[in-house]
Amino acid sequence: MVEKPSNLFEMAQAQLDEVAALIDLDPGIHAVLREPMREMHMSIPVKMDDGQTKVFKGFRVQHNNARGPCKGGIRFHPQETIDVVRALAAWMTWKCAVVDIPLGGGKGGVICNPKEMSTNELERLSRGYIDTIWEFIGPDRDIPAPDVYTNPQIMGWMMDEYSKLKGCGMPSVITGKPLAIGGSLGRNDATARGGVYTVIEAAKHMDIDLSSATVAIQGFGNAGSYAAILMQELAGSKIIAVSDSKGGIYNEQGLEPHKVVQHKADSGSVMGFPQAENITNAELLELKADILCPAGLETVLTGENAPRVKAKIIAELANGPTTPEADGILYQNGIFVIPDFLCNAGGVTVSYFEWVQCLNRYFWNESEVHQRLNEKMTKAFQAVLAESLKRKVHMRLAAYIVAVNRVAETMKMRGWV
Ligand code: NAD
């Protein structure tokens, strides 16, 4: 057991170690799961617009494929490191297992600054990335997706490059593609929608009437803005506060999410929205709201502010918003936390649907996607809740137990250990 993790991957290993001790995990399985199954380090030459060739460092980590092909995004980030990619790949293994989809965990990254690159340079980098790993990915091996600073267009180029190398169209190699080349309906709001389905289940468990509940959301990007819209549309709740990197807005009578989206599109921030008072991001976290939804940054709920959190339910749409110290405090205070890799698993679940649709070459309508997403998220939530109640542990630990047990069982059945 690592006493004090020095990087994100050591933290991921420490989390696994804690669960392994609790469930008496077979030492062989534990040893396998502590390390990535395979990792690739690439040097990708790209001809830049000025005629010079620049070499970019890239990674692809395949953490575990016991339950199915690896699945995980590709990040384009100037500060990308192999340890971050390793940790995120491991977390994808647990995320896919907790929602019970037949996929393993993977992640990729390239050290680059997309904001300083032209569209043509980005296209050459995206194609170059695939050129270096294409033999190790594929619909039955490893299926990438968008992540930080990568988008549907980049997935389109990557799918096209892979298809050219294989000599036939292969839309099932990558998810998060534009609709015209095999994307799925319902992908845009899938993360928020999946999270809202888990909030609906949590509210039933806590006996909270969502139609009279209030909601505060930190982060008003893809996940947070759709969460605001859907908490109002699907649950009838009142959104009383939202924020972005510049600050937040508050109105106890309720904010109209579509109008806030428009205001942010027009002005660049939610701040200054008419009929609302400006608040800080720190104040938002401590508001008297029934549901608190961190949907922006990591580690915003800490040992310092957790004692002042007044929400009844915390729905973690962001990855890693709560520190381990805060976790303990929130649990002691009876605050129900829906942990990130359960709460935000709607995105990967609809990615899985996209892969299934591409393999079958038969596409579903939006309400089919929503209905199947609801079934998956609800079932996953109930499995984690049952584990939490049985073992008297908080939901994060329960989610880990469910996920690790599922992966371990598959490894045993396959005779890997
Ligand atoms: P995004 O870039 O669309 O939005 C991020 C939002 O957070 C923006 O509104 C930004 O202004 C805000 N923000 C940045 N710094 C902030 C700060 N200091 N305080 C408050 N808000 C701040 O990103 P996204 O796709 O919505 O992702 C948000 C979180 O959800 C991330 O943790 C991401 O890993 C997680 N997530 C997203 C998806 C998805 O499908 N979009 C899936 C799984 C997890």
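What is the volume of the second largest pocket? The second largest pocket has a volume of about 190 Å³, and this briefing turns to its lining after a look at the ligand. The structure is a predicted model, in which local features need pLDDT of at least 70 and side-chain atom pairs count only at pLDDT 80 or more, while totals for chains, interfaces and linings use all residues. Residues are numbered from 1 along each chain as its sequence is written, and side-chain values use heavy atoms, with hydrogens and water left out.

**The ligand and its shell**

- There are 18 residues around the ligand, and those that come nearest are Thr191, Phe220, Asn222, Ala223 and Asn319; a residue is near a molecule if one of its heavy atoms lies within 4 Å of it.
- By class, the shell around the ligand holds six nonpolar, ten polar and two charged residues, where Ala, Val, Leu, Ile, Met, Phe, Trp, Tyr, Cys and Pro count as nonpolar, Asp, Glu, Lys and Arg as charged, and the others, Gly among them, as polar.
- Asn222 places a backbone N or O atom 2.9 Å from an oxygen atom of the ligand, a polar backbone atom of Ser245 is 3.0 Å from an oxygen atom of the ligand, and for a backbone N or O atom of Leu317 the distance to a ligand oxygen atom is 3.3 Å.
- The ligand exposes 820 Å² when it is taken alone, and the protein buries 68% of that; such accessible areas come from the Shrake-Rupley method with a 1.4 Å probe, and for residues only the protein chains shown count as cover.

**The second largest pocket**

- A pocket is found on a 1 Å grid over the protein atoms alone, as an open set of points with protein on both sides within 12 Å along at least five of seven lines, whereas a cavity is a set of points where a 1.4 Å probe fits but cannot get out; lining residues have an atom within 4 Å of a point.
- Grid points are joined across faces, edges and corners, and a volume is the space filled by probe spheres set on the points.
- The second largest pocket, with its volume of about 190 Å³, is lined by 13 residues, of which Tyr331, Ile335, Phe336, His394 and Met395 are the closest to its centre.
- At least two lining residues of this pocket come from each of helix H6 (190-206), helix H10 (324-332), strand S12 (336-338), helix H13 (366-391) and helix H14 (395-413); helices (H or I, at least four residues) and strands (E, at least two) are DSSP runs, numbered from the N terminus.
- Seven nonpolar, four polar and two charged residues make up the lining of the second largest pocket.

**The two cavities**

- How many cavities of 30 Å³ or more does the structure hold? There are two of them.
- The largest cavity encloses about 60 Å³ of space, and among the residues that line it are Ala192, Gly195, Val196, Val199 and Leu317.
- H6 gives the most to the lining of the largest cavity, with four residues, and this lining has ten nonpolar, one polar and no charged residues.
- The second largest cavity holds about 40 Å³ of space, and its lining residues include Phe9, Leu33, His63 and Trp94.
- H1 contributes the largest share of the lining of the second largest cavity, four residues, and that lining divides into six nonpolar, two polar and one charged.

**Single residues**

- Gln218 is found in strand S6 (residues 214-218), and Gln218 is buried, with a relative accessible area of 7%; buried means under 20% relative accessible area, exposed over 50%, and partly exposed in between (1.4 Å probe, protein chains only).
- The side chains of Gln218 and Asn281 are joined by a polar contact of 3.0 Å, that is, a pair of N or O atoms within 3.5 Å, where within protein one must be able to donate a hydrogen and the other to accept it, and residues adjacent in sequence count only if both atoms are side-chain atoms.
- Tyr362 lies in the loop between helix H12 (346-360) and H13, and counts as exposed at 59% relative accessibility.
- Asp100, in the loop between H3 and strand S4 (104-111), has a positive phi near 60 degrees and is partly exposed at 34% relative accessibility.
- Lys392, in the loop between H13 and H14, has a positive phi near 55 degrees and counts as exposed at 66% relative accessibility.
- Most residues other than glycine have a negative phi.
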